[in-house]
Amino acid sequence: LEASLDCLYEKRSSTREAGLKGIIDALVARVMTHFVEDKYEMLTHQILSSIRQSSSTEAVLAGRALAMVSITAGAGKVAEHVFEASFPHLSKISKLGRDSAARVSAIEALGMLAFVGGVDLEEASAMEVLWQIVIHKGSAHADQTLGTSKPTPPVKAAAITAWSLLLSTLSSKRVTALQLPSVLGALSCLLEDPDVGVRKAAGEAIALLCEVGGIQLLEEQALGEGEATAMELQVVDRMKALAASSSRKGQTKKERSEQRSSFRDMVATLQGGACHETCLKLKHGDSLKISTWSQTVQLNAFRRLLGEGFQRHLQENDLLHQVFNFAPR
């Protein structure tokens, strides 16, 4: 780790990329909390320098490295510092980055850093940045209004997913303050997006909204506003159609099958049912049961960033123990 950190000071981009990869590999393979606590200011400063470089590869690696620093540090002052120092830079790249892969990496890092180290107002600021990407329609007017460049489908899907990760931490009272008819309308439109990743992310966000806000939430909104009733019916109808869809241009057979399965579970949540329970078998005879959309969204976020290190961190990382209420044997 010391040698990899030293590489970040070099002028040659390939050397810095090797350093970032070394940091990621080390933090994925082991829970190096003490190293991060001792070096977090230096790590954050140098990784942010790499994020601002023009190389797509370096920016992508830097985004994941930042997320790994936060995950390793866990909730507390270190993660709060990492988030505060990184927020302006990650926000800018997320909204205006020219390279799609670099934007996706910055968005995923922003979501995880806010999840681990953000307090209420900071978390809300991160959600606002992500939401501006989600609702971007690609017109010149939208560019000027939101200060956001047109997102590619992977960028938009990543923004919805990161926004959902932060949504999973909100109380029902804070969910109610999100202007639900407007939010639901935007997500409902994205169910018609040509990209399967965007459709699935939007569906998960809708199911999560119902769960976090309480399953009666949409119905209560409907009682007060006639438009909400029509919107709720429209959302359910669209999601039912995706759950039953047998063909979609550009989709493989596997993608169609996964879409039907995912949306059947989402529709069940909308109609008052519980999230489909998942049981992950772990080492030493342990198992992790996931029974809510909140846990599902959080699990997917950690697995995406930790990769093959997920089981090790689930065994040894206090942050994951707290998030999933998990006590390893």
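**Salt bridges and a buried lysine in a predicted, mostly helical chain**

Arg16 and Glu58 form a salt bridge, with their closest N and O atoms 2.7 Å apart. A salt bridge here is a side-chain nitrogen of Lys or Arg within 4 Å of a carboxyl oxygen of Asp or Glu. Arg16 sits in helix α2 (residues 13-29) and Glu58 in helix α4 (residues 56-73), so the pair ties together parts that are 42 residues apart in sequence. Helices (H or I, at least four residues) and strands (E, at least two) are DSSP runs, numbered from the N terminus.

The structure is a predicted model, in which local features need a pLDDT of at least 70 and side-chain atom pairs count only at pLDDT 80 or more, while totals for chains, interfaces and linings use all residues. Residues are numbered from 1 along each chain as its sequence is written, and side-chain values use heavy atoms, with hydrogens and water left out.

The surroundings of Arg16 can now be filled in. Both partners of this salt bridge, Arg16 and Glu58, are buried, where buried means under 20% relative accessible area, exposed means over 50%, and partly exposed lies in between (1.4 Å probe, protein chains only). For Arg16 the relative accessibility is 10%. Apart from neighbours within four places in sequence, Arg16 is in contact with Cys7, Leu8, Glu10, Lys11, Ser50, Gln53 and Glu58; contact means heavy atoms within 4.5 Å. The C-alpha atoms of Arg16 and Ile47 are separated by 9.4 Å, with the two residues 31 apart along the chain.

The structure holds eight salt bridges, and two others are described here. One of them joins Arg238 to Glu192, with the closest N and O atoms 3.6 Å apart. This pair links distant parts of the chain, 46 residues apart: Arg238 belongs to helix α14 (residues 226-244), and Glu192 to the loop between α11 (180-190) and α12 (196-213). Glu192 has a relative accessibility of 44%, so it counts as partly exposed.

Another salt bridge is formed by Asp286 and Arg329, whose closest N and O atoms are 3.5 Å apart. Asp286 lies in the loop between β1 (278-281) and β2 (287-290), and Arg329 in the segment after α18 (318-324), so the pair ties together parts that are 43 residues apart in sequence. How buried or exposed are the two partners? Asp286 is buried, with a relative accessible area of 7%, whereas Arg329 is exposed at 73% relative accessibility.

The loop between β1 and β2 also holds Leu282. Leu282 counts as buried, at 12% relative accessibility. Leaving aside neighbours within four places in sequence, its contacts are Ser287, Leu288, Gln311, Leu314 and Phe326. Leu282 and Gln315 are 33 residues apart in sequence, and their C-alpha atoms are 8.9 Å apart in space. The segment after α18 also contains Asn325. Asn325 has a positive phi of about 50 degrees although it is not a glycine, and it is exposed, with a relative accessible area of 73%.

Next comes a charged residue without a charged partner. Lys156 lies in helix α9 (residues 153-167). Which side chain of opposite charge is nearest to Lys156? It is Asp193, 5.8 Å away; Lys156 is buried yet has no salt bridge. In this count Lys and Arg are positive and Asp and Glu negative, while His and the chain ends are not counted. The side chain of Lys156 does reach the backbone oxygen of Val134, at 3.2 Å. Beyond its neighbours within four places in sequence, Lys156 is in contact with Ile133, Val134, His136, Pro151, Leu190 and Val198.

Finally, the chain can be viewed as a whole. The protein chain has 18 helices and two strands. Of its 329 residues, 50% are buried. Among contacts between residues at least 6 apart in sequence, 67% join residues at least 24 apart. The chain exposes about 15400 Å², and carbon and sulfur atoms supply 50% of this area; accessible areas come from the Shrake-Rupley method with a 1.4 Å probe, and for residues only the protein chains shown count as cover.

The mean pLDDT of the chain is 85, and 87% of its residues reach 70 or more; pLDDT is the predictor's confidence in each residue, from 0 to 100. Over residues 215-225 the pLDDT is below 50, and this stretch has 19 contacts in the model beyond near neighbours in sequence. Where pLDDT is low, the predicted coordinates should not be read in detail.

Key
A polar contact is a pair of N or O atoms within 3.5 Å; within protein, one must be able to donate a hydrogen and the other to accept it, and residues adjacent in sequence count only if both atoms are side-chain atoms.
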